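Me: I'm new to this one and would like a close look at a single part, the sheet. Could you walk me through how its strands are arranged and what sits around them?

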Amino acid sequence: MDRKGKIIVLEGIDGSGKSAQYRRLSARLEREGIPFRSAVFPRYDEESSALIRMYLSGRFGEDPNDVNAYASSIFYAVDRYASFMTDWKEYYESGGLMLLDRYTTSNAVHQGAKLSAAEQPAFFDWLYDLEYGKLGLPRPNLVVYLEVDLETSLARMKHRQEKTGKPGDIHERDAEYLRRCIATGESAAEHYGWRRVALRLDGEIREIDEKHEEIFSIVRSAL
């Protein structure tokens, strides 16, 4: 069957405001009467995320680099494959719109950060071939990447951890790793042609509603 659905992905590292914008975009699509289904990755409450949970909790090493970019990418790819095959494949292939909070794109940012700038383009190509070629997952029609700086990311994560009482995982506890993720996100956005949404305007952090209007405009143009 020809795949006629569409996939829109919101991407960004911790502290980028991605989750808040995802909620606003979901609510906006509902208000506008645009039918869609959603999925949030990783799916921590599913069996398919077992290796992800072991990895993030430090079972394979306390440093993210203890697991190489290719191996850790496969952990996350398996969870997405299980989600597609058991949850939304039929809906998507019948023409449905999927709104995703993270996707293959997160591997590009978070696992690509383990590699040098010279190594990243080959990894980016390998990653998309793995998930969209070898595994047969559908490619996104649009990726909206929310930019953030390290200071803002760390401050927002600290606030969230204090509010929830939950400690950060091995990614969130490593400021140098997060710095590399930010740089890698910029490289991935350039490599793949993602649409970027800036954190600041004229030096000031933008209001959440202002960013939402930009995001919705980008999404609307892709529908």
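**A close look at the sheet**

Reply: Let's start with one pairing: strand 4 and strand 5 (residues 195-197) run parallel and are joined by three bridges. Within that pair, Tyr145 sits opposite Arg196 of strand 5. Keep in mind that this is a predicted model.

Now step back to the whole sheet. It is an open sheet of five strands in the order 2-3-1-4-5, with parallel pairing. Strand 2 (37-40) and strand 5 are at the edges with a single partner strand each, so each has one side without a neighbour in the sheet. From one strand to the next, the twist averages 20°. As a bit of background, the strands of a sheet pair through backbone hydrogen bonds, and they can do so in a parallel or an antiparallel way.

Let's walk across from the strand 2 edge. Strand 2 pairs with strand 3 in the parallel sense, over four bridges. There, Val40 stands opposite Asp101 of strand 3. Strand 3 (residues 97-101) also pairs with strand 1, again in the parallel sense, and this time over five bridges. Asp101 turns up here too, since Leu10 stands opposite Asp101 in strand 3.

Next comes the step from strand 1 to strand 4. Strand 1 (residues 6-11) runs parallel to strand 4, and four bridges join the two. You can pick out Val9 opposite Val143 of strand 4, and Leu10 with Val144 as its bridge partner in strand 4. Leu10 is therefore a handy landmark, with Asp101 opposite it in strand 3 and Val144 as its partner in strand 4.

How covered are these strands? Strand 1 is mostly covered, with five of its six residues buried. In strand 4 (residues 142-146), five of the five residues are buried, so this strand is largely enclosed by the rest of the structure. Side chains in a regular strand alternate between the two faces of the sheet. Strand 4 is covered on both faces: Leu142, Val144 and Leu146 are buried on one side, and Val143 and Tyr145 are buried on the other.

So what packs against the sheet? Helix 8 does, touching strand 1, strand 4 and strand 5, and its direction makes about 165° with that of strand 4. Helix 8 (residues 208-222) also meets helix 1 (residues 18-31): their axes come within 10 Å and cross at roughly 55°. That angle makes helix 1 oblique to helix 8. The crossing of helix 1 past helix 8 is right-handed. If you want to find the contact on screen, look in helix 1 for residues including Ala20, Arg24 and Leu25, and in helix 8 for residues including Ile208, His212 and Phe216.

Follow the chain beyond the end of strand 3 and you reach Arg102, in the loop between strand 3 and helix 4. Most residues other than glycine have a negative phi. Arg102 has a positive phi of about 75° although it is not a glycine. Arg102 is also buried, at a relative accessible area of 14%. One of the residues in contact with Arg102 is His110, which is found in helix 4 (residues 104-110). His110 is buried as well, with a relative accessible area of 6%. Leaving aside neighbours within four places in sequence, His110 also touches Ile13, His171, Tyr177 and Cys181.

There is another backbone detail past strand 2. Most peptide bonds are trans. The bond from Phe41 to Pro42, though, is cis, with omega near -5°. Pro42 belongs to the loop between strand 2 and helix 2 (50-56).

For a contrast with Arg102, try Asp202, in the loop between strand 6 (200-201) and strand 7 (204-205). Asp202 likewise is not a glycine and has a positive phi, near 55°. Asp202 counts as exposed, at 76% relative accessibility, whereas Arg102 is buried.

Lastly, here is how the sheet relates to the record. An unreviewed UniProt entry lists residues 10-163 as "domain: Thymidylate kinase-like". In this model, that span is 53% helix and 10% strand, and its end C-alpha atoms lie 24 Å apart.

Conventions. Residues numbered from 1 in each chain as written. Predicted model: local features only at pLDDT ≥ 70, side-chain atom pairs only at ≥ 80, totals over all residues. Heavy atoms only, no water. UniProt positions renumbered as here; feature names shortened; annotations may be inferred. Buried < 20%, exposed > 50% of the residue type's maximum accessible area, 1.4 Å probe, protein only. Pairing = 2+ DSSP bridges. Axes fitted to C-alpha atoms, helices over the stretch in contact; angles between N-to-C directions. Parallel < 35°, antiparallel > 145°, perpendicular 65-115°, else oblique. Left-handed = near helix turned anticlockwise from the far one by under 90°. Contact = heavy atoms within 4.5 Å.
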